[in-house]
Protein chains: 2
Amino acid sequence: MAVYTDVSDEDLERFLSQFPVGTLVSFKGIAEGVENSNYLIATDDRNYILTLYERRVAENDLPFFLGLIDHLAAKGLSCPTPVRTHSGEVLSRLAGRPAALVTFLDGIWVRRPKAEHCHALGRAMAELHLAGADFAMTRPNALGVDGWRPLFETFADDADQVRPALGGQIEAELSTLEEAWPRDLASGVIHADLFPDNVFFKSGELSGLIDFYFACNDAFAYDLAVSVNAWCFETDLSFNVTKARAMFDGYQSVRQLTDAERQAMPTLARGAALRFLLTRAHDWIHTPKDALVKPHDPIPFLRRLWTHREMTSAADYGLAAAP
Amino acid sequence: MAVYTDVSDEDLERFLSQFPVGTLVSFKGIAEGVENSNYLIATDDRNYILTLYERRVAENDLPFFLGLIDHLAAKGLSCPTPVRTHSGEVLSRLAGRPAALVTFLDGIWVRRPKAEHCHALGRAMAELHLAGADFAMTRPNALGVDGWRPLFETFADDADQVRPALGGQIEAELSTLEEAWPRDLASGVIHADLFPDNVFFKSGELSGLIDFYFACNDAFAYDLAVSVNAWCFETDLSFNVTKARAMFDGYQSVRQLTDAERQAMPTLARGAALRFLLTRAHDWIHTPKDALVKPHDPIPFLRRLWTHREMTSAADYGLAAAP
């Protein structure tokens, strides 16, 4: 939950006057999103989300993120669309921060996804992968396999404060995964953070994807591996293969996975678990105790990682061989 | 900013099915309000606010608060209106908490109010006082003059941690105000917390009042005294008499103040400053360091109190004698 930057009336008025939008009717901070400040803006024509980018988002990545959703929306994918200023810009400034106005997306995120939600997510993810194919900009995955060790080194000395022996376990995982990581899978633009709170549903149908601030170029199958971790574990952290199967089926109804992608799934899923373990452990250690936003507990991703280590084949994930 | 209680999909669906509202389109936590969890609910017919009442709101006060806004809205005052369930109830339960659904009020709150906003507020406050006259329920002001000493005693031993010698200053103020407090002024239902964030404006016009969770029966002029503190001090804590005069003028365009009310203003304003100093100092001391919501700094209300102590007459507040 987050509104880090307060916006004065005069600044808001000046900001909105740059855009071809209606008269302001309502302006409310939204208690969602941990990286940026988000406001719901209602005008007499429609609703928008105003995002103020806080320090953790690199300002020179913003043209990629905003350009991408502009591109995806033009391709028919349901996602927020940046509103251009009268002079054609998507990125502006407000209250000393980079800021963007995007269209409001109807729908609610599902707190307890069922298999049918996973199927719909898989389908939408494949559509995203196809729609991104001709997007001209690229952005390397800063949180991809080559970014994990440098990230670990920023907190390695304190890792065991999170949990005894955690540092050694991460060190061993890193060595294994750097060695085993598949580096020649089909790749392109991926979302890289398709957790349930970034996927909206309306009347049971998927209504759109939001929050593209980790989007980057990486293996398509890694996007699935992230969502296997995010959608297919129960609250007791048991793995639900029915949900994973539904997600893969949904995905393959749009884009068939290759044999190499299927075989890589146990490694990719293990890597995705490590990626979230690393960022959460980093935040756990580095977030001041009196910070506005509480860091997420990293340990559930250690437990997911243990589960993936037991899985040896694509079939363990409900991913059948090609027909 | 606050969303303390998370709501599952199933619980939300079950809750909403009790009400004659449209199909759910959006559900977002709102980063406003420090006492309760607030969500914006959009349906295909209109928008609502869902409030989950957290521990600080006494459950047996809720019928008063909800009954009051129901009454005021029926009288034509612009404020959120409770939505009744199919069986006619305004109070329900969700996620283990008392919960209510109210209509969404258009408008934004003004971060830096000008004199014209103060005039509009004064007018709306007087309309509220008149509209509440025939509301059948009553609720004593738990944070009125007789509640201040018991509240102070809950943190008196630690008061000097907030600021050296604060405890002694509060003790002296309490003695003075308990003695000088005017107890026979015209009274009725007051809002008691009309700070700028509880007053919405739309296209320059006041569009409604929200957050009646401190409403109670007390002197009408005390409601003005609270808003003098909340609206008529600049960010450097200097007193802006033009804004106070505008507020009183707006009020008296609807309801004329009596001589007794006018003469009491310096004492009432000083008491209102003490009331917010007390609650903020209490929260400052008792809020755990790692709490989700940061307590407000109490000292600006000590500084307001000093200002009021220098003011000896209604005229100092821009409050002229009756014509």
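Is B:Ser203 buried or exposed? Select B:Ser203 and take a look: at 57% relative accessibility, this serine counts as exposed. Keep in mind as you click around that this is a predicted model.

**Stop 1: two loops with a twist**

While B:Ser203 is highlighted, check the backbone too. Its phi is positive, at about 50 degrees, although the residue is not a glycine. To find your bearings, show strand 8 (199-202) and strand 9 (205-209) of chain B; B:Ser203 sits in the loop between them.

Now hop over to chain A and pick A:Ala165. Here, too, a residue other than glycine has a positive phi, this time near 70 degrees. You'll find A:Ala165 in the loop that runs between helix 5 and helix 6 of chain A. With a relative accessible area of 45%, A:Ala165 is partly exposed.

**Stop 2: a buried phenylalanine**

Stay in chain A and select A:Phe200, which belongs to strand 8 (residues 199-202) of that chain. A:Phe200 counts as buried, at 2% relative accessibility. What does A:Phe200 touch, leaving out residues up to four places away in sequence? Among its contacts are A:Leu105, A:Ile108, A:Trp109, A:Leu206 and A:Ile210, and the list also includes B:Lys28 from chain B. If you want to try the distance tool, click the C-alpha atoms of A:Phe200 and A:Ser238: they are 38 residues apart along the chain and separated by 24 Å.

**Stop 3: helix 4 of chain A**

Next, select residues 145-153 of chain A, which make up helix 4. Colour A:Val145, A:Gly147, A:Trp148, A:Leu151 and A:Phe152, the buried residues of this helix. Then turn the view so you look down the axis: those buried residues fall within an arc of 135 degrees, so they line one face of helix 4 of chain A. A bit of background helps here: an α-helix has 3.6 residues a turn, so residues three or four places apart point the same way.

Flip to the face turned away from the buried side, and you'll meet the exposed residues A:Asp146 and A:Glu153. What covers the buried residues of helix 4 of chain A? The cover includes helix 5 (159-162), helix 6 (166-180), helix 7 and helix 9 (259-286) of chain A.

**Stop 4: a helix pair in chain A**

Show helix 3 (residues 115-131) and helix 7 (residues 220-231) of chain A together; their axes come within 11 Å and cross at roughly 155 degrees. Angles over 145 degrees count as roughly antiparallel, and therefore helix 3 and helix 7 of chain A are roughly antiparallel to each other. Helix 3 passes helix 7 of chain A in a right-handed crossing. Zoom in on the side chains: A:Leu121, A:Met125 and A:Leu128 are among the helix 3 residues in the contact, while helix 7 brings residues including A:Phe220, A:Leu224 and A:Trp231. By class, this contact of helix 3 with helix 7 of chain A has seven nonpolar, three polar and one charged residues.

**Stop 5: a helix pair in chain B**

For another pairing, show helix 4 (residues 145-153) and helix 9 (residues 259-286) of chain B, whose axes come within 10 Å and cross at roughly 25 degrees. That makes helix 4 of chain B roughly parallel to helix 9 of chain B. The crossing of helix 4 past helix 9 of chain B is left-handed. In the contact, helix 4 of chain B supplies B:Trp148, B:Leu151 and B:Phe152, and helix 9 of chain B offers residues including B:Leu274, B:Arg275 and B:His282.

Finish with B:Leu268, also in helix 9 of chain B. B:Leu268 is buried, with a relative accessible area of 1%. Its contacts include B:Trp181, B:Leu185 and B:Tyr222.

Methods. Residues numbered from 1 in each chain as written. Chains lettered and ligands numbered in written order. Predicted model: local features only at pLDDT ≥ 70, side-chain atom pairs only at ≥ 80, totals over all residues. Heavy atoms only, no water. Axes fitted to C-alpha atoms, helices over the stretch in contact; angles between N-to-C directions. Helix = DSSP H or I, 4+ residues; strand = E, 2+ residues; numbered from the N terminus. Parallel < 35°, antiparallel > 145°, perpendicular 65-115°, else oblique. Left-handed = near helix turned anticlockwise from the far one by under 90°. Contact = heavy atoms within 4.5 Å. Nonpolar A, V, L, I, M, F, W, Y, C, P; charged D, E, K, R; others polar. Buried < 20%, exposed > 50% of the residue type's maximum accessible area, 1.4 Å probe, protein only. Arc of directions from axis to C-beta.
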